[in-house]
Structure formats: structure tokens, C-alpha cells
Amino acid sequence: MNQKELHLFVASQSYENDLKAEIRFRRNLELVKQEENLFWAIGPKQKLWWPQWQLWNLQSTKFESISQAIKFLRSRGKLWLNFDYKLHRRSSLIQEGLPKWKIPVIKRDEKTLFRDSGAWFLEDSNTLWYTNQISLPFKDGIINIPEDKMAPSRAFQKLDEAFVRIGKRPIKTSRVIDLGSHPGGWTWVLAQLAGKVVSVDTVALDENARNFKNVEFIKKDAFKIAPNDIGPLDWLFSDIICEPAKLLDLVHQWKSSGLVKNFLCTIKFKGKVDFEILNQFEQIPNSDIFHLNANKHELTWVCLD
Ligand SMILES: C[S@@+](CC[C@H](N)C(=O)[O-])C[C@H]1O[C@@H](n2cnc3c(N)ncnc32)[C@H](O)[C@@H]1O
């Protein structure tokens with residue numbers, strides 16, 4: 001395989017077609033090989049929206065013995081994640097010879113410190129692929145958020161995961177709004193972090209999210225709320241089920257009010273992904289778009305202060 005600007009994109013389970021469509025949409029990427037959820041592509045380095053993990057600018061080397069492979073990796077970096085690809089036994093013998101490090105335990109109100117790491121895997125018993133350019137320093141690119149029985153819905157995992165990923169979250173002095181909040185997973189997370197949570201849905205919140213002193217619930221169509229009626233906000237969250245174009249209009253409305261510092265919204269798709277509209281979201285300055293482990297047929301858009 002050509003080593004020049006070769007990347008490996010790992011699709012989340014069930015979202016292989018979305019990733020494949022994205023690679024096709026990006027005209028400067030050429031798909032050279034697909035093996036189930038693994039997509040090898042050549043082209044300029046770029047951050048895609050759909051992959052679970054991205055290994056950019058892969059290089060390969062030949063080696064004879066396990067100790068030679070260990071020595072090689074050690075000479076090129078300190079922390080290495082093995083991507084489970086082929087030759088599991090041989091791979092684990094190599095990994096055992098590399099410095100051990102703990103993947104951080106995810107805690108809601110603590111900033112997780114990422115450490116610089118690379119990823120490697122074996123193609124055959126004498127060929128090792130490696131790179132120091134990876135999208136996330138987590139095994140297979142997955143940030144696992146444990147379940148919590150107290151949460152009104154599993155959607156809470158999206159927020160906890162996104163906060164780890166962006167390295168930022170509301171703090172005790174923050175004023176935030178949660179649009180499309182029922183049954184209340186996001187509001188439940190936000191109530192534990194922020195000072196004040198305005199929570200909006202046409203359907204009432206579940207008890208576990210309602211019973212926080214700092215939560216004010218407004219039973220209303222979120223598209224009919226005027227930014228000026230709410231006032232300055234540190235964060236706007238939206239998990240509303242709606243067409244991406246409708247969400248984009250809402251975002252523009254709040255953005256142009258100048259009242260909101262940070263945005264975090266789920267862009268949901270019915271059927272085919274609208275890649276053109278994703279471009280429009282991404283063109284908003286300071287934007288990022290990614291597919292969380294907890295995301296379904298949807299992407300997370302963030303725009304940070
Ligand atoms: C995926 S659910 C949100 C889950 C929520 N984030 C949680 O953590 O539990 C989407 C919500 O959007 C709400 N929704 C849809 N259209 C809305 C609108 N126009 N105004 C307010 N809420 C709306 C629905 O009632 C639904 O509760």
C-alpha cells in the first residue's frame with residue numbers, strides 16, 4: 001500500500017455506510033481498501049465527521065522479532081495503543097513490552113487529562129503499522145461512559161462523553177439552556193455541573209431531572225423561544241429531534257443574538273446524511289463536528305467560545 005498520506009478510518013458499528021458516504025463526499029480522499037468497518041484512504045490529512053477513530057499518516061516498517069518491534073516503537077514515542085486488527089497473540093506480546101499507562105477514568109466534574117500517544121497494529125507477522133497522529137488517545141477511539149441508573153435517559157452519556165472530548169464543560173457559575181430536554185438525561189447532567197439550567201421541551205421532565213433547585217423547566221416549543229427572553233447564556237444545548245436545516249436556523253438565531261458563548265447540539269438524520277448542511281455547520285467559526293460513541297444516526301456539533 002502507498003505510504004504517502006495513508007489514513008485508517010474506523011467506523012462505529014452500524015455507521016459504516018455513513019463513513020463510506022462521507023469519504024465519497026470528500027473529493028480529495030481516495031478509498032483504497034475497506035475491510036468491514038475499516039476504511040483505508042489516501043489524500044491530505046483531514047478530520048472526518050463519522051469515524052470512531054482516525055489514524056492519520058500511517059507508516060509501516062518490517063521487523064523480525066518481537067523485541068525488535070518493541071525497540072522500534074519505544075524509539076518513536078512513549079505511549080502506544082494497540083489497535084486490535086490481526087495477529088492478536090503476537091500483538092499482545094509486543095504491547096506487553098511497551099510502557100504501561102492507564103486510560104483515565106471518566107468523572108463528570110473533573111477535567112480528563114489526555115496524554116500524547118500513538119497507535120500501532122500488525123498487518124502480518126513482520127509488518128508493523130504505526131502513527132503518532134490519532135484522533136483520540138483512547139483504545140479504539142472509544143470513550144466509554146458507564147451507565148447510571150439515576151439518569152432519566154441514556155442520552156446523558158452523549159453529554160458526558162462530549163465534555164471529555166472537548167475538554168470543557170459548564171461550571172458552577174454557568175447559566176445554560178437545554179432545548180428538547182425530555183425525559184431529562186442532559187438536564188440531569190447539567191444540573192450537577194452548572195449554576196442555572198433552563199430546560200425546554202413540549203413534554204414534561206422525568207422526576208429525577210425535575211427535582212433540582214437550579215432547574216427551571218419551560219413547557220414550550222423550543223423554536224418559539226426568543227433569545228432576549230432568556231438573557232445571557234454560557235452554553236446552549238440542543239438534542240431536539242428536527243431537520244438539520246431547522247436546527248441550523250435556530251443556531252444562527254441564537255448566535256446572532258450574541259447572548260450565547262458555547263453551543264453543543266445534536267444534528268439528527270433521517271435516512272441519508274446531508275453532507276452539504278454539515279459543511280454549513282462547520283463553517284461557523286470555532287466549530288467541530290464528531291460522532292460520539294453514544295451517538296446514533298446523528299452527529300454532535302460544538303462551537304466553543
Ligand atoms: C432525543 S429527545 C431528547 C433527550 C434528552 N436530551 C435527554 O437527555 O433525555 C428529543 C426531544 O426533543 C423534543 N422536541 C421535539 N421538537 C421540539 C420542539 N419543537 N420544542 C421542544 N422540544 C422538542 C421531544 O419532545 C423530545 O423529548
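User: Is the crossing in which helix 8 passes helix 9 left-handed or right-handed?
Analyst: Happy to help! This is a predicted model, where local features need pLDDT of at least 70, side-chain atom pairs count only at pLDDT 80 or more, and totals for chains, interfaces and linings use all residues. Residues are numbered from 1 along each chain as its sequence is written. A crossing is left-handed if the near helix is turned anticlockwise from the far one by less than a right angle, and right-handed if clockwise; where helix 8 passes helix 9, the crossing is left-handed.

User: Which residues make that contact?
Analyst: Two residues are in contact if their C-beta atoms, placed from the backbone, lie within 7 Å. Helix 8 contributes P244, A245 and L248, and helix 9 supplies I277, Q280 and F281.

User: At what angle do helix 8 and helix 9 pack?
Analyst: Axes are lines fitted to C-alpha atoms, for helices over the stretch in contact, and angles run from 0 to 180 degrees between N-to-C directions. The axes of helix 8 (residues 244–257) and helix 9 (residues 275–283) lie 10 Å apart. The packing angle is about 15 degrees.

User: How many helices and strands are in the protein chain?
Analyst: Good one to check by eye! Helices (H or I, at least four residues) and strands (E, at least two) are DSSP runs, numbered from the N terminus. The protein chain has 9 helices and 16 strands.

User: What percentage of the residues of the protein chain count as buried?
Analyst: A residue is buried if 20 or more other C-beta atoms, placed from the backbone, lie within 10 Å of its own. Of the 305 residues in the protein chain, the buried share is 38%.

User: What box do the C-alpha atoms of the protein chain fill?
Analyst: The box is taken along the principal axes. Its dimensions are roughly 70 × 40 × 30 Å.

Conventions
Buried ≥ 20, exposed ≤ 12 C-beta atoms within 10 Å, placed from the backbone.
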